[in-house]
Amino acid sequence: MKYGTDILKQADVLAAFTEDAPQLTRTYLSKEHKQAGAYLIGLMRDAGMTAGFDPLGNIVGRYEAGVPFAPVVMTGSHQDSVRNAGRYDGLFGILSPIACVKELNRQHKRLPYALEIVGFGDEEGVRFPATLIGSKAMAGLFDPAWLDKTDASGVTMRQAINDFGGDAEKWCELDRRNGAPNSAHGEVVAFVESHIEQGPVLLNDGLAVGVVTAIAGATRLRVTVTGLAGHAGTVPMGARQDALTAAAEMVLFVESYCTQNAGLVGTVGIMSVKPGAVNVIPQDVEFTIDVRSSEDSLRADAINAINAEFTVIAKRRNVVVVTNVFFSSNAAPCDAGLQAQFAQAINAHGITPRYLPSGAGHDAMVFPAVAPTAMLFVRCGNNGISHHPDETMTAEDAEVATSVLLHFFENYQPPQFSASSAQRVDRQI
Ligand code: HGY
Ligand code: MN
Ligand code: MN
């Protein structure tokens, strides 16, 4: 095995860079982010790339083209994790392309484009109320207002970036859209991301890899419900303004609406209850909602229905509800041409290409703003569980997915290079 065993071992090393061992949690701009970044930069450099942190703490490696003034293909995924995470979400999409470059470099091969691998600093949005921070900066979608957002301990993103050794004010230099000031690096002509499926489809079909057709769009809301605290023993049931029972009814509405409308998923992942005493009627409840669909209109209808029903529930229960959207990203279609090239690479490995949508969000979802975008999924075990320490994949599947990715890189021809003129330049380096 050329790649698979090493990749899993590297993922094990990275899993040790955690903020709450023995669980795995690695958030944006943490000490552990710096440690993981240093390790990945070392792997990139060993593979023959130039590599380092960019001003926002993304880990960026570059394997120069074999021809001058070449365009750029970008690939990569996120280095950060959710709380109590698995060890392959994101990281596989950084380690696998590094293994590809290491093999190209070993064979002294160059491509007709520069290959950039990015370990995005934040995709999960755990530390700050913003997500896809690195990839959105590269897609020209960074909101400078995020720099004033604070984490749970009151540290602003700006401060955290600068304490990390970055430069928050240089956020606009990361824009890689064609013609952006930073296009000196070369025009980005494609973005591809390898990622574990985080679901059971490939496992059930007995396939190691699959081609992603589209990435679901998502809307995330923060909901505050304000009632009136009171004595648990003396306030009659009919006279209460109980923020928690109102919130509970709202949460169940999210579940029932998304269950009854195919193509939607809805999740309430965080809830806080104050004052949080066993003998006090809850006064302040805050919770989050995550609604997704591959159909943007379905998702928009769901948000409208949720807001309407919450207003009705709040009125009936004499509480005040406020909802605010803190994240929204439309569904991202994957480029048909790139999908076909991944299918070709999969076919070349004797595997039937399986096309499937991604219910999970990924850094790739913002890159259609930059260039044609596509994803390669790799099977995960344990019924596809993810965002959980039982997340797993095999070295054999890591091997196949990396070999497929390398086949893609070696056969991809940048658009402005015709098949005859663009050629792999095998030269001593
Ligand atoms: O939430 C997601 O889908 C991704 O894992 N951030
Ligand atoms: Mn994730
Ligand atoms: Mn991910």
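## Exercises on a predicted model

A polar side-chain atom of glutamate 124 is placed 2.8 Å from a nitrogen atom of ligand 1, in a model that is predicted.

**Exercise 1.** Describe the surroundings of ligand 1, stating which residues form its shell and how many of them fall into each class.

*Solution.* Begin with the list of neighbours: ligand 1 is surrounded by Glu123, Glu124, Arg220, Arg292, Ala360, Gly361 and His387. Sorted by class, this shell comprises four charged residues, two polar residues and one nonpolar residue. Next, turn to the individual atom pairs, where glutamate 123 brings a polar side-chain atom to 2.9 Å from a nitrogen atom of ligand 1, while a polar backbone atom of glycine 361 lies 2.7 Å from an oxygen atom of the ligand. Finally, consider the cover as a whole: on its own ligand 1 has 210 Å² of accessible area, and the protein covers 94% of it.

**Exercise 2.** Determine whether helices H2 and H3 are roughly parallel or roughly perpendicular to each other, and do likewise for H1 and H10.

*Solution.* Two packed helices are described by the angle between their axes together with the distance separating those axes. For helix H2, residues 31-46, and helix H3, residues 92-106, the packing angle is about 20° and the axes are 9 Å apart. Angles under 35 degrees count as roughly parallel, and H2 and H3 are therefore roughly parallel to each other. The crossing in which H2 passes H3 is left-handed.

For the second pair, helix H1 (residues 4-15) packs with helix H10 (residues 395-411) at an angle of about 110°, the axes being 7 Å apart. The range from 65 to 115 degrees counts as roughly perpendicular, so H1 is roughly perpendicular to H10. The crossing of H1 and H10 is right-handed.

**Exercise 3.** Locate the cis peptide bond that involves proline 22 and the one that involves proline 275, and then say where glutamine 198, which has a positive phi, is placed.

*Solution.* The background is that most peptide bonds are trans and that most residues other than glycine have a negative phi. Alanine 21 and proline 22 are joined by a cis peptide bond with omega of about 5°, and proline 22 belongs to the loop between H1 and H2. The bond from lysine 274 to proline 275 is also cis, its omega being near 10°, and proline 275 is found in the loop between strand S10 (271-274) and strand S11 (284-293). Glutamine 198, although not a glycine, has a positive phi of about 60°, and its place is in the loop between strand S6 (188-196) and helix H6 (201-205).

Conventions: Residues are numbered from 1 along each chain as its sequence is written. Chains are lettered from A and ligands numbered from 1 in the order in which they are written. This is a predicted model: local features need pLDDT of at least 70, side-chain atom pairs count only at pLDDT 80 or more; totals for chains, interfaces and linings use all residues. Side-chain values use heavy atoms; hydrogens and water are left out. A residue is near a molecule or strand if one of its heavy atoms lies within 4 Å of it. A polar contact is a pair of N or O atoms within 3.5 Å; within protein, one must be able to donate a hydrogen and the other to accept it, and residues adjacent in sequence count only if both atoms are side-chain atoms. Accessible areas come from the Shrake-Rupley method with a 1.4 Å probe; for residues, only the protein chains shown count as cover. Ala, Val, Leu, Ile, Met, Phe, Trp, Tyr, Cys and Pro count as nonpolar, Asp, Glu, Lys and Arg as charged, and the others, Gly among them, as polar. Axes are lines fitted to C-alpha atoms, for helices over the stretch in contact, and angles run from 0 to 180 degrees between N-to-C directions. Helices (H or I, at least four residues) and strands (E, at least two) are DSSP runs, numbered from the N terminus. Angles under 35 degrees count as roughly parallel, over 145 as roughly antiparallel, 65 to 115 as roughly perpendicular and the rest as oblique. A crossing is left-handed if the near helix is turned anticlockwise from the far one by less than a right angle, and right-handed if clockwise.
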